[in-house]
Each structure stands twice: as C-alpha cells, then as structure tokens.
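Hi everyone, thanks for coming. Let me put the structure up, and then I'll walk you through a strand pairing, the sheet around it and two helix contacts.

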Amino acid sequence: MIKALVFDVGETLIDETRIWSRWADRLGVTRLTFMGVLGGVAALDRSHRDAFQIVRPGLDVDAEIAAWRRDDPDGLRNNFDAGDLYPDVRPALHALRAAGYQVVIAGNQPVEAYDALVAMDLPADSIHTSDGWGVAKPAPEFFAKVASVAGREPAEILYVGDRLDNDVRPARAAGMRTALLRRGPWGHLHADRPEAADVADLVVNDLQALLPALAQRSGSM
C-alpha cells in the first residue's frame, strides 16, 4: 500500500519556462532556438547541459553562472520562485495530505532551491535537494536517501517525476512505485514511448490525477 508520495521538482512542481527563457537571453540566442535545442537533447536522451554547448561551444556553465550572479545579484537568474509553480501543485499536494498520504519533495536541485521551496510554504512534510544530500539522481544512493527521510519501505513510496531515465527507472530499481508525469519536454517525450506504460505504475497528465488514480488502483498498489 502506498503511504508516501515523493515529488521531483523541475517540470513536476516548477514550470521552468522562465528559467530557460532567461538562459536564452543570457546566451544571446532566441528563446525559440534554446527551447528547440533543449527539446532535441531531451529526445536524444542527452543531458540538458549539452544544450549549452550546442548554442555556445566551449561554454563553462559554472563560470557563466558565477558571472551572472555578479552581473545580476538581485535577479532570479537561473533560479525560481512561487510564480513558477504549476497551478495544480498546491491543491494536489493539499488533497493528498488530507487523504492521509505523506508528501515529500526531493529532486536534483542546487542548495538555493531548498530556500526557494521552503519560502513557498507548500503542503509538504519535508523538502530535500540533491546538493543538500551530496548525491543526485539517478544514483541509487539518492533513492536510498528518499526512503530514509520518508521513514518508509521502498514499496510504500510512489516517486513522481517527469523523466524515465532520472525518475521512473531508478526509483523502480530501488523498489518504489512510480508515476510518470506528462509535463515539460522530457515528460511529453518519455510518456509517448511504448515502454512508459511498462515501467511506470501510473502515467498522468497532471498532479490532481494522482489521488483518484491511487484510489482506483489501491487494490494493486
């Protein structure tokens, strides 16, 4: 029986449109160009960091982030705030907690993201980031930390994310149940793959679909 739901962050809770748009502006390419290149690397199962090298060969991303921080110390830059939350996040998390589920947020994010998420006062029992843990998805150690902070057996956890490679497959390998969210470039591309229905316990279009899907499948999950 599922007792806890653990949520990825980027393109699961956070709409990254503004982040990628600011990156396009920073790199001096049109937003359409950068978004298209991101979609291309997603379709090829390449890292999002490859998009930077395609539009700006030889770019040192970490050095660029540091320079951006110096140039615009008070701006959001490559970060997010409550304005970037998908509109279904608060009602869906609230409904899940009201139904008795434990809600945890844990994704591949920098330390700054922790403060941003905490400031949103989301209906979640705890919030964690990969930089805070010192281990990132898809490493098995990340999902071991997920089970540890939730205080649950892996089979009692449903991990919710938008990617097969970073979320669904490694969570499943760790013994968890999984939900693939058809959202963002990776989510739409991965949900369209025939394997999605085989490796994910649920494939949903939005977060508010989780609670009825759990109720419907409670006998098998």
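Let's start with one bridge: A179 has L202 in β6 as its bridge partner. A quick word on the ground rules: this is a predicted model, where local features need pLDDT of at least 70 and side-chain atom pairs count only at pLDDT 80 or more, while totals for chains, interfaces and linings use all residues. Residues are numbered from 1 along each chain as its sequence is written, and side-chain values use heavy atoms, with hydrogens and water left out.

Back to our bridge. Strand β5, residues 177–181, is joined to β6 by three bridges, and the two run parallel. Strands here are DSSP runs of E with at least two residues, helices are runs of H or I with at least four, and both are numbered from the N terminus. Two strands pair if DSSP finds at least two bridges between them.

Now zoom out. The open sheet has six strands, ordered β3-β2-β1-β4-β5-β6, with parallel pairing. β3 (126–129) and β6 (202–204) each have a single partner strand, so each edge strand has one side without a neighbour in the sheet. On average, neighbouring strands are turned by 20 degrees against each other, direction ignored. For angles, axes are lines fitted to C-alpha atoms, for helices over the stretch in contact, and angles run from 0 to 180 degrees between N-to-C directions.

While we're at β3, what does S126 touch there? Leaving out residues up to four places away in sequence, S126 touches V103, V104 and I105, contact being heavy atoms within 4.5 Å.

On to the helices. α2 (residues 31–43) packs against α10 (residues 184–191) at about 40 degrees, with the axes 9 Å apart. That makes the pair oblique, the class left once angles under 35 degrees count as roughly parallel, over 145 as roughly antiparallel and 65 to 115 as roughly perpendicular. From α2, L38, G39, V41, A42 and A43 meet W186, L189 and H190 of α10. By class, that contact has six nonpolar, two polar and no charged residues. Nonpolar covers Ala, Val, Leu, Ile, Met, Phe, Trp, Tyr, Cys and Pro; charged covers Asp, Glu, Lys and Arg; the others, Gly among them, are polar.

Finally, α1 (residues 17–27) and α2 have axes that come within 8 Å and cross at roughly 115 degrees. Their contact divides into seven nonpolar, two polar and two charged residues. Thanks, and I'm happy to take questions!
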